[in-house]
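Trainee: Can we go through this one together? I would like to start with a strand and then look at a single residue.

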Amino acid sequence: MRILSWNVNGVRAAAKKGLLEWLDREQPDILCIQESKAQPDQLAKKLLNPKGYQGIWHSAERKGYSGTATFTKHEPLSVSVMGREEFDVEGRTQVIEFPDFTLINAYYPNSRPERARLGYKLDFCDAMQDILNELKKQGKNVVLCGDYNIAHTEIDLARPKENENNPGYYLEERKAMAAFLDQGYVDTFRHFHPDEKGHYSWWSYRARARERNVGWRIDYHCVNREFIDRVREARIRPEVMGSDHCPVEIDLFD
């Protein structure tokens, strides 16, 4: 089973850049998107439920902002949201249960310059941890994918020293990521590529950053430690254009 995750930075804009054609060629079992920036009633039927897929949408109440969606070939057992109004109004999380695991599609908040939204971001991290721990307590395996808006360590961004006081690399965010992993979760990409530098999933639109590969790795698939043996491989797909992010993916053994 292949699970892809992609912050598309606006699903309607991505559709104009070939999102549906790419999806038709790629044929993942599941595609999770973040920052959909659309309400379902604003979308054409072919984008709501692409050919061969069931579309599951969780949009922000504010139009043109945030939002998540999941396209799946496999019928889920249940679909829910975070259950916290301050996060659900922004459409940040989908909790989708399948027979072998529970998939969480998450768009973590941006902490913003001068830590303007850092408290909200850290509260989101805590709420996500509670959900994951409860699922594990119930004996369920979890796959948490999406845009975490955190570069965990200095090898996860091209210029760590220059960004120590910038959103996504604040010390508080890095500590939150470390605390999450310490509770029994695995960053799948680092599991397979523990020390490799130069692998990023987001690039600024400024100063030809993508062309020069001056980027950040802020998009992840993490799983509970008990599930890591089911993960065959984890990849980043920088060749896929259409957003300032690129897709990330994992392959699961059947």
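Mentor: We will take strand β2 and its partners, then S201. This is a predicted model, where local features need pLDDT of at least 70, side-chain atom pairs count only at pLDDT 80 or more, and totals for chains, interfaces and linings use all residues. Residues are numbered from 1 along each chain as its sequence is written, and side-chain values use heavy atoms, with hydrogens and water left out.

Trainee: How many residues of β2 are buried?

Mentor: Five of the five, residues 30-34, so the strand is largely enclosed by the rest of the structure. Buried means under 20% relative accessible area with a 1.4 Å probe, protein chains only. A strand is a DSSP run of E, at least two residues, numbered from the N terminus.

Trainee: Which residues point which way from β2?

Mentor: I30, C32 and Q34 point one way, L31 and I33 the other.

Trainee: Which run do β1 and β2 have, parallel or antiparallel?

Mentor: Parallel, with five bridges joining β2 to β1, residues 2-7. Strands pair if DSSP finds at least two bridges between them. L4 is opposite L31.

Trainee: And what about β4?

Mentor: β4, residues 68-72, is antiparallel to β2, again with five bridges. T70 is the bridge partner of C32.

Trainee: New topic. Where is S201?

Mentor: In the loop between α7 (188-192) and β10 (202-203). S201 counts as buried because its relative accessibility is 0%.

Trainee: What does S201 touch?

Mentor: Leaving aside residues up to four places away in sequence, its contacts (heavy atoms within 4.5 Å) include W216, I218, D244 and H245. A polar atom of the S201 side chain lies 3.1 Å from the backbone nitrogen of I218.

Key:
Buried < 20%, exposed > 50% of the residue type's maximum accessible area, 1.4 Å probe, protein only. Helix = DSSP H or I, 4+ residues; strand = E, 2+ residues; numbered from the N terminus. Polar contact = N/O pair within 3.5 Å; in protein donor to acceptor, adjacent residues only side chain to side chain.
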